[in-house]
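Biologist: I am new to this structure and would love a close look at one part of it. Could you take me through the open sheet, its surroundings and the salt bridges around there?

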Amino acid sequence: MMIIKDKISSILRYKNEIDTYRSKMAKEDKKPSFVDCLWSYIRYGCVLNHYLYGKFYNLPYSERKKAFTYRNWCRILPEANNSSEIHFLKNKADFNTLFSDFIHRDWLSCKDLNLDKFTTFIKEHKEIVIKPIDGLEGDGISLRTFKNDEEIREAYDRLKGRGYLIEEKIIQHPDMVFGNKSVNTIRVYTIYNNVKDEVGILKTVVRAGIGDSIVDNSHSGGCAYEIDKKTGKIVSHSYCANGLETEIHPKTNIRMIGRMIPFWPEVLKLCQEAALRVKDCRFIGWDVAITENGPLLIEGNHTPDLDMVEFVGSHGYLPTIKKMLNI
């Protein structure tokens with residue numbers, strides 16, 4: 001009985017969200033429908049946010065099978081990334097250890113923390129970032145400052161032995177600050193070709209946070225813009241979690257289309273070289289921050305967000321992904 005109630009609740013949520021979305025659309029736009037959304041989920045594995053914010057409803061039926069939907073995403077990633085090396089991407093302490101020459105910042109693991117080391121780290125860096133070692137989607141990340149030794153001791157007692165990572169705050173390149181408080185990252189999707197022994201780049205995106213959040217992903221309200229892989233220029237309007245599309249940052253008047261990403265060749269090289277260290281994890285979404293001294297690696301995602309928000313559209317990518325993965 002509970003399963004039936006949950007299914008009915010999900011169906012009603014789909015209908016309510018579609019109705020709300022329709023009411024905000026311009027009259028001349030093609031309208032999504034509940035029946036079409038339900039059919040798209042059953043037939044193509046297209047979940048609600050793909051259907052609405054990725055405008056799956058605009059695709060002709062003859063082209064929908066080429067879209068990179070959640071069903072295809074779930075089938076492809078385990079085949080590409082089911083390896084013994086996956087822990088390097090799932091565990092941030094393991095990641096920072098393996099890629100120590102790529103991250104370019106100080107860090108500590110709370111698993112083996114002592115008070116002297118923690119106090120020295122705090123006093124050297126003033127502001128620190130605290131993040132779960134195995135966190136996803138920006139959950140649980142916070143920025144902290146400390147007024148005195150008492151606050152430092154309280155934080156130490158709370159964090160010691162727990163599954164958190166402490167890192168120094170990243171100071172971004174001025175061209176990567178869009179009037180918001182987050183660290184705005186580049187997402188680079190790499191695919192390792194095990195036949196040619198080379199790393200290809202599927203897609204590149206810049207993510208811009210919104211408001212007071214210190215993270216930039218769509219789960220925290222951020223927006224994504226496609227970057228031309230060759231030039232490093234932003235070439236698309238925004239894809240935001242709330243369905244907003246605009247050429248300017250939605251909380252500022254900064255025009256995004258046409259902006260150049262600094263250190264672009266270095267960003268691509270960094271991700272390709274990182275991918276060669278974990279060849280058994282063939283499909284990875286790398287997050288890169290950029291400082292005035294160049295790019296630094298934040299993390300590698302073994303199940304990178306491939307929905308139509310952060311992936312900036314998924315239509316037409318399915319055959320390309322399969323070809324690059326040799327599947």
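Modeller: Happy to! Please keep in mind that this is a predicted model. A good place to start is a salt bridge between the side chains of Lys123 and Asp149, with N and O 3.4 Å apart. This pair connects distant parts of the chain, since Lys123 belongs to helix α9 (residues 115-125) and Asp149 to helix α10 (residues 149-159), 26 residues apart. Lys123 is partly exposed, at a relative accessible area of 45%.

Helix α9 brings us to the sheet. The helix lies across β1, β2 and β4, and runs at about 35° to β4. The open sheet itself has four strands, in the order β1-β4-β2-β3, with antiparallel pairing. β1 (107-109) and β3 (142-144) each have a single partner strand and stand at the edges, so one side of each is left without a neighbour in the sheet. On average, neighbouring strands here are turned by 25° against each other, direction ignored. As background, strands of a sheet pair through backbone hydrogen bonds, in a parallel or an antiparallel way.

Let's look at one of these pairings. Three bridges join β1 and β4 in the antiparallel sense, and Trp107 stands opposite Glu167 in β4. Glu167 has a further role to note: together with Arg105 and Lys131, Glu167 is linked in a network of salt bridges.

Around the ends of these elements there is another charged pair. Glu127 and Lys169 form a salt bridge, with their closest N and O atoms 3.0 Å apart. Glu127 sits in the loop between α9 and β2 (128-132), while Lys169 sits in the loop between β4 (164-168) and β5 (186-193), so to speak two distant parts of the chain, 42 residues apart. Both residues are partly open to the surface: Glu127 is partly exposed at 25% relative accessible area, and Lys169 is partly exposed at 32%.

From that second loop you can follow the chain into β5. This strand runs antiparallel to β6, and eight bridges join the two. Within the pairing, Ile186 stands opposite Val206 in β6. The hairpin of β5 and β6 has four residues between the strands, and there Asp197 takes a positive phi near 55°. Strand β6 (residues 198-208) is mostly covered, with nine of its eleven residues buried. β6 also pairs with strand β7 (residues 223-226), antiparallel and over four bridges; in this pairing Arg207 stands opposite Ala224 in β7.

To put the salt bridges in context, the count for the model comes to 16. One of them joins Lys92 and Glu299, whose closest N and O atoms are 3.5 Å apart. Lys92 lies in helix α7 (residues 92-98) and Glu299 in strand β10 (residues 294-301), so this pair ties together parts that are 207 residues apart in sequence. Buried means under 20% relative accessible area. Lys92 is therefore buried, at 10%, and Glu299 counts as buried too, at 17%.

Key
Residues numbered from 1 in each chain as written. Predicted model: local features only at pLDDT ≥ 70, side-chain atom pairs only at ≥ 80, totals over all residues. Heavy atoms only, no water. Salt bridge = Lys/Arg side-chain N within 4 Å of Asp/Glu carboxyl O. Buried < 20%, exposed > 50% of the residue type's maximum accessible area, 1.4 Å probe, protein only. Pairing = 2+ DSSP bridges. Axes fitted to C-alpha atoms, helices over the stretch in contact; angles between N-to-C directions. Contact = heavy atoms within 4.5 Å.
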